[in-house]
Amino acid sequence: MKNICFVTTTSITIKSFLLGQLNYLSKNGYNITVICDYCDSLKNHLPKNINYIPVNMKRGIDFNTPKSILALYKVFRNGNFNIVQYSTPNAAFNASIAARLAGVPIRIYAQWGIRYVGYNGWKRKIFKLLERLVCTLSTRIQPDSKGNLIYSHKEGLYIHEKSNVIWNGSANGVDLNKFDILKKEAWRTGIRNRYNIGANDLVLGFIGRLDKDKGVNELLEAFKIILHKHPGLKLLMIGPSDKDDGLNQGLLAWSKQSESVIFTGFIEGIEKYMSAIDILVQPSYREGFGSVVIEAEAMGIPVIVTDIPGPTDAMQSGSNATGLIVPKKAVQPLVQAMEKMVLDPELREEMSQNAISFARSHFDQAKLLNFILEDKNRLYHQLISSKEEKMNA
């Protein structure tokens with residue numbers, strides 16, 4: 001039997017990135033089990049053909065790590081899994097140890113981001129050691145961007161032979177039925193009306209957690225500067241306030257009282273909110289891939305991203321550019337890039353058309369799922385062949 005188990009720390013990753021993949025693999029001969037921290041919503045909404053086993057795991061510092069590893073070990077030992085795939089930091093650490101101890105033959109680390117790259121000093125060294133441990137315990141590492149694959153090889157995290165990026169990268173691709181460019185104008189009007197944004201107002205947008213590592217400080221400072229020159233601009237901040245202890249409190253207070261900055265909080269239907277944006281600005285310090293970037297491009301939105309692996313793999317620069325690239329943690333280059341797009345509607349339109357074509361040709365979810373299936377089948381057949389060779393020896 002083709003038994004495969006997916007492990008993430010929380011249900012958010014399963015809901016956001018894995019459901020389409022799980023259903024597709026299930027329809028093509030795989031018995032699917034998912035493991036994450038307990039979640040009523042996930043339990044009640046998972047399709048019946050997907051098994052769900054809750055294991056106590058938390059994001060950040062988790063004092064239940066030994067218990068989580070033991071619980072996972074028992075599941076893996078009794079589950080007869082051919083493949084265990086894990087992603088997100090705590091789940092990857094716990095599951096890589098447990099799966100190795102349980103003797104799971106194929107252990108895939110879906111490396112959706114490298115945590116330590118945002119740290120310095122002793123903290124960076126410790127988290128790099130943890131990352132290397134997970135990679136060592138895994139039989140296959142699959143980063144979701146070619147930039148992170150190259151970076152990991154340079155850092156010595158793993159060798160070429162045990163790693164690959166599936167197709168053009170990304171964890172989930174773009175669901176072109178959901179991000180339907182034909183519905184953009186209707187969605188755009190609805191969201192702009194909801195937030196009293198004029199039909200002709202130029203809107204810059206950010207999508208993600210409102211925290212320091214997402215470059216929110218630089219974004220707010222850059223927007224405050226450019227707003228003095230172009231007072232009609234709007235900034236739409238889409239996403240939950242994860243933690244604001246690393247944010248510049250003065251900038252945050254200014255933005256909260258400014259009529260030009262709009263905070264939506266957590267929302268559903270991201271494709272509708274994207275439609276209200278003219279320029280996506282994502283000044284992150286680190287990302288696994290940057291799914292938001294390809295989703296925005298599918299909706300014809302030019303992008304501004306930082307020069308880090310992941311987002312730069314999700315867009316095109318140079319000829320047929322879909323956006324602009326700026327240094328991370330730098331305000332003035334961000335101001336210049338934002339102003340360049342603001343002042344040049346023809347450039348925005350050209351990038352918009354390039355973005356639609358690029359997202360559709362490189363990140364169509366339907367195509368990506370087929371590549372994922374082919375990869376899983378290849379690993380499974382290699383396992384069967386290996387077992388047959390041992391039996392015949």
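Of the 393 residues of the protein, 55% count as buried. This figure, like everything that follows, comes from a predicted model. The fold is built from 14 helices and 12 strands. The radius of gyration is 22 Å, close to the 21 Å that the globule rule gives for 393 residues, so the protein is as compact as a globular protein of that length. Along the principal axes, the C-alpha trace spans about 75 × 45 × 40 Å. The surface that the protein exposes amounts to about 17900 Å², and carbon and sulfur atoms supply 51% of it. Contacts across the sequence tell a further part of the story: among those between residues at least 6 apart, 69% join residues at least 24 apart.

Two sheets deserve a closer look, and a reminder may help before the tour begins. Strands of a sheet pair through backbone hydrogen bonds, either parallel or antiparallel.

One open sheet holds 6 strands in the order β3-β2-β1-β4-β5-β6, and the pairing is parallel. Its edges are formed by β3 and β6 (140-141); each has a single partner strand, so one side of each is left without a neighbour in the sheet. How much of strand β2 is buried? Of the 7 residues of β2 (residues 30-36), 6 are buried, so this strand is largely enclosed by the rest of the structure. On one side, β2 pairs in the parallel sense with strand β1 (residues 2-7) over 6 bridges, and cysteine 5 stands opposite threonine 33 in β2. To get from β1 to β2, the chain passes through helix α1 (residues 11-27), and this β-α-β crossover is right-handed.

Strand β2 is also joined to strand β3 (residues 50-54), by 5 bridges, and these two strands run parallel. Here isoleucine 35 has isoleucine 53 in β3 as its bridge partner. Between them in the chain comes helix α2 (residues 40-45), and β2, α2 and β3 together make another β-α-β unit that is right-handed. Towards the β6 end of the strand order, strand β5 (residues 106-109) runs parallel to β6, with 2 bridges joining them. One of the pairings there matches tyrosine 109 with isoleucine 141 in β6.

Helices lie against this sheet as well. Helix α1 lies across β1, β2, β3 and β4 (83-86), and runs at about 170° to β2. Helix α3 (residues 65-79) packs on the sheet too, touching β1, β2, β3 and β4, and its direction makes about 170° with that of β1.

The other open sheet, with 6 strands and parallel pairing, has the order β9-β8-β7-β10-β11-β12. Its edge strands are β9 (261-265) and β12 (323-326), each of which pairs on one side only. From one strand to the next, the twist averages 20°.

Strand β11 offers a good place to see how the pieces of this sheet fit together. Strand β10 (residues 279-282) and β11 (residues 303-306) pair in the parallel sense over 3 bridges. Within this pair, leucine 280 stands opposite valine 303 in β11, while valine 281 has isoleucine 304 as its bridge partner. The right-handed β-α-β unit at this point consists of β10, helix α11 (residues 291-298) and β11. With β12, strand β11 runs parallel and is joined by 4 bridges; in that pairing, the bridge partner of valine 303 is glycine 323 in β12. Which way do the side chains of β11 point? Val303 and Val305 point one way and Ile304 and Thr306 the other way, and all are buried.

A loop residue rounds off the picture. Histidine 230 is found in the loop between α8 (216-229) and β8 (234-238). Is histidine 230 buried or exposed? The relative accessibility of histidine 230 is 19%, and the cut-off for buried is under 20%, so this residue counts as buried. Leaving aside neighbours within four places in sequence, histidine 230 is in contact with Glu339, Val342 and Leu343. Glycine 147, by contrast, lies 83 residues from histidine 230 along the chain, and the C-alpha atoms of the two are separated by 35 Å.

Terms used. Residues are numbered from 1 along each chain as its sequence is written. This is a predicted model: local features need pLDDT of at least 70, side-chain atom pairs count only at pLDDT 80 or more; totals for chains, interfaces and linings use all residues. Side-chain values use heavy atoms; hydrogens and water are left out. Two strands pair if DSSP finds at least two bridges between them. Axes are lines fitted to C-alpha atoms, for helices over the stretch in contact, and angles run from 0 to 180 degrees between N-to-C directions. The radius of gyration is taken over C-alpha atoms; the globule rule is 2.2 Å times the number of residues to the power 0.38. Buried means under 20% relative accessible area, exposed over 50%, partly exposed in between (1.4 Å probe, protein chains only). Contact means heavy atoms within 4.5 Å. Accessible areas come from the Shrake-Rupley method with a 1.4 Å probe; for residues, only the protein chains shown count as cover. A crossover is right-handed if, with the strands pointing away from the viewer, the path from the first strand over the helix to the second runs clockwise.
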